[in-house]
Amino acid sequence: MSFVRFAVRRVAEMAATLLTASFVVFGAMYLAPGNPASFLLAGRSASPEALASINAQYHLDDPFLVRYFRWLGDVLQGDFGRSITYRTDVSRLLADRLPTTLLLIVMSLAVVVAVGLLLGRIAAVRGGATDSAILVTTTFAVGTPSFVAAVLLQGLFAVNLGWFPSSGAGDGGLGDMLWHLTLPAVALALYLIGMLARVTRSAMLEALDSDHVTVARSRGVPERQVIRRHVFRNSLGTVLTTGGLIVSTLLVCTILVETAFSIGGIGQLLELSTTTKDFPTVQAISLIIVALFMIVNLIVDLLLPLVDPRVTLGTRSAAV
């Protein structure tokens with residue numbers, strides 16, 4: 001299968017999956033108890049005329065499929081509706097908050113990749129006491145949920161030492177944002193550092209036992225070159241596949257970390273909107289998360305054959 005045909009097929013599959021996901025996202029909110037009208041009234045009694053006006057404004061009396069296709073048509077034009085809680089366009093809310101969340105994810109991903117790959121590589125190459133120490137450290141990291149890491153980091157580095165802010169995303173430019181998001185990025189990355197380090201270690205140990213590595217060493221190839229060209233390079237396929245899972249996990253876990261640090265991103269917005277039953281906002285954020293998840297998986301599928309020649313298009317395992 002050619003690369004172009006595979007890419008077109010995967011994009012078509014992604015579009016079909018996203019369409020199905022949009023139906024589920026839209027319908028799931030209406031399965032929850034309560035309704036937007038009761039929230040808008042805030043417990044106050046209302047006349048039938050006022051209730052009918054609210055239902056008409058938000059099309060709450062229309063049949064389900066009519067509401068869905070109207071919503072889908074608006075979404076395709078970039079209109080996610082009007083927030084029930086904030087009384088403003090959802091698109092404007094997302095435009096204000098999405099950059100903060102994306103910056104947090106990028107910072108956390110950079111920490112995960114840099115530290116996770118380094119620890120995994122050192123553990124596999126050096127072995128012995130170093131390997132054992134890294135395994136213990138990564139076990140602790142994997143066993144620490146993001147919200148627990150957030151509380152610990154806040155208490156130590158923000159409250160006790162005062163090195164970093166304890167909340168907020170900063171409003172003094174990029175440098176101020178990076179300073180404010182450092183602790184949240186580390187809290188978000190801690191669990192994933194342990195996971196990536198363990199995957200990298202296992203993949204490299206498997207590569208070290210392969211025949212081509214033995215042959216390279218027997219021919220007198222320097223050990224550094226063996227590790228770089230024959231071991232680490234052949235481990236990248238597994239690492240890249242794990243990288244797709246890491247990015248997807250970051251998209252989900254950012255909700256907990258943003259709430260813990262009071263960061264005004266879409267993660268905290270989703271949590272607040274779910275609590276207040278702000279249907280349009282929850283639907284928009286959920287759909288964006290699903291879309292980003294599928295885009296990440298598409299990128300992984302397209303990059304794998306380039307990173308690992310043993311992998312054929314459309315698969316995530318080495319060809320035998």
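A helix here is a DSSP run of H or I covering at least four residues, and helices are numbered from the N terminus. The model examined in these exercises is predicted.

**Exercise 1. Determine where Asp-131 lies and whether it is buried or exposed.**

Solution.
Step 1. Asp-131 is placed in helix α6, which covers residues 128-142.
Step 2. A residue counts as buried when its relative accessible area is under 20%.
Step 3. Asp-131 has a relative accessibility of 11%, and therefore it is classed as buried.
Step 4. Once residues up to four places away in sequence are set aside, Asp-131 touches Ala-123 and Arg-201.

**Exercise 2. Describe the secondary structure and the overall burial of the chain.**

Solution.
Step 1. The chain contains 12 helices and 0 strands.
Step 2. Its pattern along the sequence is accordingly written α-α-α-α-α-α-α-α-α-α-α-α.
Step 3. Of the 320 residues in the chain, 42% are buried.
Step 4. The accessible surface amounts to about 16,600 Å², and carbon and sulfur atoms account for 65% of this area.
Step 5. When contacts between residues at least 6 apart in sequence are considered, 71% of them join residues at least 24 apart.

**Exercise 3. Characterise the crossing of helices α5 and α8.**

Solution.
Step 1. Helix α5 comprises residues 90-126, and helix α8 comprises residues 174-208.
Step 2. The axes of α5 and α8 come within 4 Å and cross at roughly 35 degrees.
Step 3. The crossing of α5 with α8 is right-handed.
Step 4. The residues of this contact comprise 27 nonpolar, 6 polar and 2 charged.

**Exercise 4. Identify which residues touch the most other members of the largest nonpolar core, and which helix gives the most to this core.**

Solution.
Step 1. The largest nonpolar core has 59 residues, and Leu-94 and Val-231 touch the most other members.
Step 2. Several helices each supply at least two residues of this core, among them α4 (64-76), α7 (146-160), α10 (223-260) and α12 (279-307).
Step 3. The helix that gives the most is α8, with 14 residues.
Step 4. Beyond its neighbours within four places in sequence, Leu-94 is in contact with Phe-80, Pro-99, Ile-266, Leu-269, Ala-284, Ile-285 and Ile-288.
Step 5. A second core, separate from the largest one, consists of 6 residues, including Phe-6, Met-14, Met-294 and Leu-302.

Key: Residues are numbered from 1 along each chain as its sequence is written. This is a predicted model: local features need pLDDT of at least 70, side-chain atom pairs count only at pLDDT 80 or more; totals for chains, interfaces and linings use all residues. Side-chain values use heavy atoms; hydrogens and water are left out. Axes are lines fitted to C-alpha atoms, for helices over the stretch in contact, and angles run from 0 to 180 degrees between N-to-C directions. A crossing is left-handed if the near helix is turned anticlockwise from the far one by less than a right angle, and right-handed if clockwise. Ala, Val, Leu, Ile, Met, Phe, Trp, Tyr, Cys and Pro count as nonpolar, Asp, Glu, Lys and Arg as charged, and the others, Gly among them, as polar. A nonpolar core is a set of buried Ala, Val, Leu, Ile, Met, Phe, Trp, Tyr and Cys residues joined through side-chain atoms within 4.5 Å. Buried means under 20% relative accessible area, exposed over 50%, partly exposed in between (1.4 Å probe, protein chains only). Contact means heavy atoms within 4.5 Å. Accessible areas come from the Shrake-Rupley method with a 1.4 Å probe; for residues, only the protein chains shown count as cover.
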